[in-house]
Amino acid sequence: MILAGLALLAAVYGIAHLRGVPRRRAFPAFAVLWGLAAAVNLWVGVAHAGYALAEEVPVFGLVFAVPAALAWLVLRGRG
C-alpha cells in the first residue's frame with residue numbers, strides 16, 4: 001500500500017510538472033487523494049479482513065505518513 005502511495009505521489013507531481021503547476025499546489029491534491037485511499041484501506045481492513053479498529057489505526061497512520069512525509073520533503077526541496 002505504501003508503494004501505491006509513492007506511485008500516486010510520482011503521478012501527481014509528474015502531472016503537475018508537465019502542466020507547469022508548482023508542487024506547492026499539487027501537494028494538497030496528493031494529500032487528499034492519498035488520505036482517501038488510506039482511509040479506504042483502513043475500512044477494508046476493519047469491515048472485510050476482520051481487524052479491530054484499534055489494530056488498523058496505527059497501520060493507517062504508517063500507510064498515510066510515509067508517502068505524505070516524502071511528498072512534503074520533495075516539496076521542501078530535500079527529497
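## A three-helix chain

From the N terminus on, the elements of this chain follow the order α-α-α, and the count is three helices and zero strands. The model is a predicted one. Along its principal axes, the C-alpha trace of the chain spans about 45 × 20 × 15 Å. Of the 79 residues in the chain, 25% are buried, and among contacts between residues at least 6 apart in sequence, 63% join residues at least 24 apart.

The largest nonpolar core holds 13 residues, and those that touch the most other members are L9, V12, Y13, A26, F27, F30 and A71. Two or more residues of this core come from each of the elements in the table below, with α2 giving the largest share, five residues.

| Element | Residue range |
|---|---|
| α1 | residues 2–19 |
| α2 | residues 23–47 |
| α3 | residues 53–75 |

Within this core, V12 offers a view of the contacts: leaving aside its neighbours within four places in sequence, V12 is in contact with A26, F30 and L33.

How do the helices α2 and α3 lie relative to each other, and at what angle do their axes cross? The axes of α2 and α3 come within 9 Å and cross at roughly 165 degrees, and because angles over 145 degrees count as roughly antiparallel, these two helices are roughly antiparallel to each other. The crossing of α2 and α3 is right-handed, and the residues of the contact between them divide into 19 nonpolar, three polar and three charged.

Terms used. Residues are numbered from 1 along each chain as its sequence is written. This is a predicted model: local features need pLDDT of at least 70, side-chain atom pairs count only at pLDDT 80 or more; totals for chains, interfaces and linings use all residues. Side-chain values use heavy atoms; hydrogens and water are left out. A nonpolar core is a set of buried Ala, Val, Leu, Ile, Met, Phe, Trp, Tyr and Cys residues joined through side-chain atoms within 4.5 Å. Buried means under 20% relative accessible area, exposed over 50%, partly exposed in between (1.4 Å probe, protein chains only). Helices (H or I, at least four residues) and strands (E, at least two) are DSSP runs, numbered from the N terminus. Contact means heavy atoms within 4.5 Å. Axes are lines fitted to C-alpha atoms, for helices over the stretch in contact, and angles run from 0 to 180 degrees between N-to-C directions. Angles under 35 degrees count as roughly parallel, over 145 as roughly antiparallel, 65 to 115 as roughly perpendicular and the rest as oblique. A crossing is left-handed if the near helix is turned anticlockwise from the far one by less than a right angle, and right-handed if clockwise. Ala, Val, Leu, Ile, Met, Phe, Trp, Tyr, Cys and Pro count as nonpolar, Asp, Glu, Lys and Arg as charged, and the others, Gly among them, as polar.
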